[in-house]
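Hi everyone, thanks for coming. I'd like to walk you through one model today, so please have the viewer open and follow along as we go.

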Amino acid sequence: MSVADVESVGIRAVSEQTGLSVDALRWYERQGVIPAPGRSSDGRRRYTPSLVRFIRLVHALRRTGMSVAEVRDFVQMDVGIHAHRPRMAILERHETAIRTRIEELNTAREVIQDKIAHHRDLLARGLDCEDEIYASTHA
């Protein structure tokens with residue numbers, strides 16, 4: 001069965017579906033970060049639904065901090081049932097790193113929220129930030 005026979009989409013549709021630019025998709029392909037898509041009879045790239053799902057995964061891994069080299073290693077791993085555990089291990093490590101980063105970001109967000117509340121309080125009391133600094137250093 002040729003690529004044309006499979007329900008597939010062109011690169012622009014993949015760009016729209018994934019949020020990656022056409023140039024980024026081509027670059028990822030050249031870098032070995034995504035598998036090369038099949039080609040139609042006129043030579044245009046055609047992406048199957050499973051390849052589009054895989055590109056979404058790659059994009060999620062990149063957006064969450066996985067390096068291009070790590071993604072390439074993941075993509076170029078063997079296929080088949082014996083590859084599931086190593087792939088899962090990589091994804092689980094990355095998910096743990098994401099969870100840790102989310103906790104760090106939540107802690108930082110709480111500090112920022114406290115500062116916002118503090119500035120709202122200053123505004124409500126008609127004080128300038130410098131008034132408070134002056135008062136705390138000359139108390």
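**Walking through the fold**

Let's start with the inventory: the protein chain has 6 helices and 2 strands. Please keep in mind throughout that this is a predicted model. Reading from the N terminus, the order of the elements is α-α-β-β-α-α-α-α. There are 139 residues in the protein chain, and 25% of them count as buried. For those of you who like contact maps, take the contacts with a separation of 6 or more: 47% of them are between residues 24 or more positions apart.

Now to the inside. Which residues touch the most other members of the largest nonpolar core? That core has 21 residues, and the ones to highlight are Leu 25, Tyr 47, Ile 55, Val 58 and Val 71. As for where the core comes from, the elements that contribute two or more residues are helix H1 (11-18), helix H2 (22-30), helix H3 (49-63) and helix H4 (68-75). H3 supplies the largest share, with 5 residues.

With those four helices on screen, let's look at how they pack, pair by pair.

Take H1 and H2 to begin with. Their axes come within 9 Å and cross at roughly 100°. Angles of 65 to 115 degrees count as roughly perpendicular, so H1 is roughly perpendicular to H2. On the H1 side, the contact is made by Ile 11, Arg 12, Val 14 and Ser 15, and on the H2 side by Val 22, Leu 25 and Arg 26. You'll recognise Leu 25 from the core list a moment ago. By type, the residues of this contact between H1 and H2 divide into 4 nonpolar, 1 polar and 2 charged.

Next, please turn to H1 and H3. Here the axes come within 10 Å, and the crossing angle is roughly 45°. That angle makes H1 oblique to H3. The crossing of H1 past H3 is right-handed. From H1 we have Val 14, Gln 17 and Thr 18, and they meet Val 52, Ile 55, Arg 56 and His 59 of H3. The makeup of the contact of H1 with H3 is 3 nonpolar, 3 polar and 1 charged. Notice Val 14, which takes part in the contact with H2 and also in the contact with H3.

The third pair is H3 and H4. These two pack at an angle of about 150°, with their axes 10 Å apart. Since the cut-off for roughly antiparallel is over 145 degrees, H3 counts as roughly antiparallel to H4. This crossing, too, is right-handed. Phe 54, Leu 57, Val 58, Leu 61 and Arg 62 in H3 meet Val 68, Val 71, Phe 74 and Val 75 in H4. What kinds of residues make up the contact of H3 with H4? They divide into 8 nonpolar, no polar and 1 charged.

Let me zoom in on a few single residues, starting with Val 71. Leaving aside residues up to four places away in sequence, Val 71 touches Val 33, Val 58, Leu 61, Arg 62 and Met 66.

Staying in helix H4, we find Glu 70. Is Glu 70 buried, exposed or partly exposed? Its relative accessibility is 43%, so Glu 70 counts as partly exposed. Glu 70 and Val 33 are 37 residues apart along the chain, and their C-alpha atoms are separated by 9.1 Å.

Finally, let's move on to helix H5, residues 84-124, where His 94 lies. His 94 has a relative accessible area of 11%. The cut-off for buried is under 20%, so His 94 is buried. Again setting aside residues up to four places away, the residues His 94 touches are Leu 61, Thr 64, Gly 65 and Met 66.

Leu 91 lies in H5 as well. At 31% relative accessibility, Leu 91 counts as partly exposed. Beyond residues up to four places away in sequence, Leu 91 touches Leu 57, Leu 61 and Phe 74. Leu 91 and Phe 74 are 17 residues apart along the chain, with 9.1 Å between their C-alpha atoms. One residue to leave selected is Leu 61: it is touched by Val 71, by His 94 and by Leu 91.

That's my tour, and I'm happy to take questions.

Note on methods: Residues numbered from 1 in each chain as written. Predicted model: local features only at pLDDT ≥ 70, side-chain atom pairs only at ≥ 80, totals over all residues. Heavy atoms only, no water. Core = buried A, V, L, I, M, F, W, Y, C linked by side-chain atoms within 4.5 Å. Buried < 20%, exposed > 50% of the residue type's maximum accessible area, 1.4 Å probe, protein only. Helix = DSSP H or I, 4+ residues; strand = E, 2+ residues; numbered from the N terminus. Contact = heavy atoms within 4.5 Å. Axes fitted to C-alpha atoms, helices over the stretch in contact; angles between N-to-C directions. Parallel < 35°, antiparallel > 145°, perpendicular 65-115°, else oblique. Left-handed = near helix turned anticlockwise from the far one by under 90°. Nonpolar A, V, L, I, M, F, W, Y, C, P; charged D, E, K, R; others polar.
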